[in-house]
Amino acid sequence: MSRRKRPNWVNKIAEERMQILFNQAEKQFSEHPERSDRYVKLTRSISTKYNITLPHYWRGRFCKNCNKFLKPGANLRVRLSDKTISRKCLECGHVVRVPYTPKDN
């Protein structure tokens, strides 16, 4: 038996909710970081439920290990080496290394 595909309007509403939650997480981080973490958890659960991939600009804004909202300088350390970008969550110590090639000017 095949699964029924969700209508596009349902996915659009889910994307709007995820956008609102991430915007609120950014606003609330300085005063209430625990709320930001909760918003990230809700966003991830929505994306899982409706099978929606997160846009690339949101994927690096939370720790995939502990689901904490990340802000560089506050709870995220970013280091550049020759060919990688290292992002370390200061909450749990999880490190993500992303390869990159620097532009030659």
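Phe22, Phe29, Tyr57, Trp58, Phe62 and Phe69 form one aromatic cluster. Rings of Phe, Tyr and Trp (its six-membered ring) are taken to pair if their centres lie within 6.5 Å, and planes under 30 degrees apart count as stacked, over 60 as edge-to-face and the rest as tilted. The model is predicted: local features need pLDDT of at least 70 and side-chain atom pairs count only at pLDDT 80 or more, whereas totals for chains, interfaces and linings use all residues. Residues are numbered from 1 along each chain as its sequence is written, and side-chain values use heavy atoms, with hydrogens and water left out.

A search of the whole structure gives 5 aromatic pairs, including the two tabulated here.

| Pair | Centre separation | Angle between planes | Class |
|---|---|---|---|
| Phe22 and Trp58 | 5.0 Å | 10° | stacked |
| Phe22 and Phe69 | 6.5 Å | 55° | tilted |

The pair of Phe22 and Trp58 links distant parts of the chain, with Phe22 in helix H1 (residues 8-28) and Trp58 in helix H3 (residues 56-59), 36 residues apart. The pair of Phe22 and Phe69 also links distant parts, since Phe69 lies in the loop between H3 and strand E1 (76-80), 47 residues from Phe22. Helices (H or I, at least four residues) and strands (E, at least two) are DSSP runs, numbered from the N terminus. Phe22 and Trp58 are both buried, as are both Phe22 and Phe69; buried means under 20% relative accessible area, exposed over 50%, and partly exposed in between (1.4 Å probe, protein chains only).

Another member of the cluster, Phe62, has the charged end of Lys64 over its ring, 5.1 Å from the centre. The criterion is NZ of Lys or CZ of Arg within 6 Å of the ring centre and within 35 degrees of the ring normal.

In H1, the buried residues are Val10, Ala14, Met18, Leu21, Phe22, Ala25 and Gln28. Seen down the helix axis, these residues fall within an arc of 135°, so they line one face of H1; the arc is that of the directions from the axis to the C-beta atoms. They pack against helix H2 (33-49) and H3, contact meaning heavy atoms within 4.5 Å. On the other side of H1, Asn8, Trp9, Lys12, Ile20 and Lys27 are exposed.

Strands E1 and E2 (residues 84-89) run antiparallel and are joined by 5 bridges; two strands pair if DSSP finds at least two bridges between them. They form a hairpin with 3 residues between them, and Arg79 has Ser86 in E2 as its bridge partner.
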